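Here are a few exercises to work through with the model open in your viewer. Try each task before you read its solution.

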Amino acid sequence: MGGLVSALPAEDLRGALILSTCFLSLIAAAELWRRFGHPKPEHTRKLVHLGGGMVCLFFPFLVSSPWVVLAMALPLTILFVAGSKLGFLKSLHGVARKSRGAEYYPIAVFLVFLMTLGRPWLYLAAVLVLAVADAFAALIGSRYGVIRYEVEDEHKSLEGSLVFLVIAFLAVHLPTLLLTDLPRGVTVLAALLVAALVTGFEAISLEGADNLFVPVAVVVVLGKITTKPLSEVVYQNLSLLAICLVVALLVWRLRSLNVGGTIAYILFAYGTWSLGSWLWALPAFVGFLGYLAAWYRFAPPGHAVGIKVRTVTRALLPPFALLALANGLDRYAQLYAPYLAASAAVFAFSLDTGVFRLEKVPGAARSLGAAALGVLGSVAVALVPWLVLRPPLVSLLALTGVVMLISLVSSIVAAVEVHLEERSREWTGRRFLLSLVAGGAVLGLQALGWLPLWDPTWPPVP
């Protein structure tokens with residue numbers, strides 16, 4: 001460790017000392033204000049949030065080594081965790097709502113610094129959104145918010161989300177415009193797209209998780225979209241707008257998801273469209289429309305109405321993880337069929353608990369129904385891509401068999417569980433794991449050479 005410190009440039013150590021002094025002074029000022037000024041706990045919390053963000057803006061100009069940033073972030077994180085557990089640092093932890101945002105904050109700054117080395121404009125955009133947009137949205141939303149919406153047990157305001165959107169747009173646009181040579185049209189529309197997406201992330205993040213996800217999302221999305229031509233940036237904005245309008249209209253008419261659940265699905269649907277292609281988005285839309293149609297026609301009145309963020313997120317995470325892996329590794333052909341299998345399993349489980357309520361059906365009838373839903377889910381999700389791409393029929397049959405078997409296993413496991421009266425709108429760990437197993441099983445069959453790859457290339461490669 002001593003060798004590492006001696007190897008660091010003197011400028012880094014000097015910058016770390018200056019920034020550490022600023023951080024500690026800011027925390028001390030917030031504690032003194034809380035003790036002697038008796039402000040609202042949210043105000044002292046946002047003072048540290050906003051002031052700390054302003055200090056973090058200087059990292060790229062005072063520090064060059066990620067190790068220095070990490071050495072500063074870890075003690076702050078430990079301090080904030082200890083303050084939460086032991087009851088000190090009331091300026092940060094005095095709010096009534098449960099939040100771990102202060103603990104995520106230093107980690108987020110380090111990750112953003114690490115991901116944006118050599119691109120200070122990208123770092124500044126992410127930290128400005130983290131510091132300014134989030135702080136002002138919370139303050140203005142809590143004071144002036146009238147139109148409220150529910151995200152699990154938390155309530156947020158439309159006014160606060162709109163403030164976040166506007167400030168996030170400015171926070172992204174200004175560094176991109178002033179510190180890069182990108183065309184002005186790209187900077188404006190890229191900032192608009194990023195602001196809209198991270199506003200969605202902020203809206204559905206729980207217990208302060210937006211402090212981690214929002215800045216990382218800014219870096220990932222902005223870093224990718226600014227490499228595209230103006231026509232592609234326009235196309236992405238229009239795609240997001242169309243998805244928002246269609247999904248919002250369907251949910252408004254059917255009331256199957258609440259506002260938070262709707263935003264979570266919109267982000268997933270756009271992610272399949274943007275990270276993959278229309279062939280990756282197709283199963284997401286077919287499954288969603290199939291679920292809504294079945295729910296509207298067969299579900300008992302009032303059953304599984306207003307499904308929330310956690311259920312939607314946990315259900316959609318396995319197929320999205322496979323898509324993200326395909327995008328990151330550029331292995332689309334290897335992971336398309338596993339993605340379809342995971343999506344089909346999610347669809348089958350959703351019909352099981354959200355529509356037909358098979359957990360109430362005894363014995364063999366439940367297992368038979370679960371297996372039938374596995375077949376139905378596979379056909380609904382995978383048949384159209386199979387008709388479009390025309391891979392060997394064995395791919396579709398094997399995928400259907402895997403999902404049918406997974407649905408049957410889910411039924412058997414549920415039957416031997418002690419607590420059979422699980423609420424149907426919750427997404428249990430069993431369903432989450434088995435959705436991943438469905439995708440993994442198809443991936444394993446491909447790796448063994450027992451199944452051909454299902455290449456999502458359009459037009460199909462002969």
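**Exercise 1. Find which residue in β2 is the bridge partner of Val151, then describe the strand pair.**

Step 1: Val151 has its bridge partner in Glu154 of β2. Keep in mind that this is a predicted model, where local features need pLDDT of at least 70, side-chain atom pairs count only at pLDDT 80 or more, and totals for chains, interfaces and linings use all residues. Residues are numbered from 1 along each chain as its sequence is written, and side-chain values use heavy atoms, with hydrogens and water left out.

Step 2: Zoom out to the strands. β1 (residues 148-151) and β2 (residues 154-157) run antiparallel and are joined by four bridges (strands are DSSP E runs of at least two residues, helices H or I runs of at least four, numbered from the N terminus; two strands pair if DSSP finds at least two bridges between them).

Step 3: Look at the turn. The two strands make a hairpin with two residues between them, and Glu152 in that turn has a positive phi of about 55°.

Step 4: Now check the faces of β1. Tyr149 and Val151 point to one face and are buried, while Arg148 and Glu150 point to the other and are not (buried is under 20% relative accessible area, exposed over 50%, partly exposed in between, with a 1.4 Å probe and protein chains only). In a regular strand, side chains alternate between the two faces of the sheet.

**Exercise 2. Asp330 is not a glycine: what is the sign of its phi, and is Asp330 buried or exposed?**

Step 1: The phi of Asp330 is positive, about 55°. Most residues other than glycine have a negative phi.

Step 2: Place Asp330 in the loop between α15 (309-329) and α16.

Step 3: Asp330 counts as exposed because its relative accessibility is 54%.

Step 4: Repeat for Arg390, also not a glycine, with a positive phi of about 55°. Arg390 sits in the loop between α17 (363-389) and α18 (393-416), and Arg390 is exposed at a relative accessible area of 55%.

**Exercise 3. Work out which members of the largest nonpolar core touch the most other members.**

Step 1: The core holds 126 residues, and Phe59, Val129, Tyr265 and Trp454 touch the most other members (a nonpolar core is a set of buried Ala, Val, Leu, Ile, Met, Phe, Trp, Tyr and Cys residues joined through side-chain atoms within 4.5 Å).

Step 2: Helix α16 (residues 332-356) gives this core its largest share, 15 residues.
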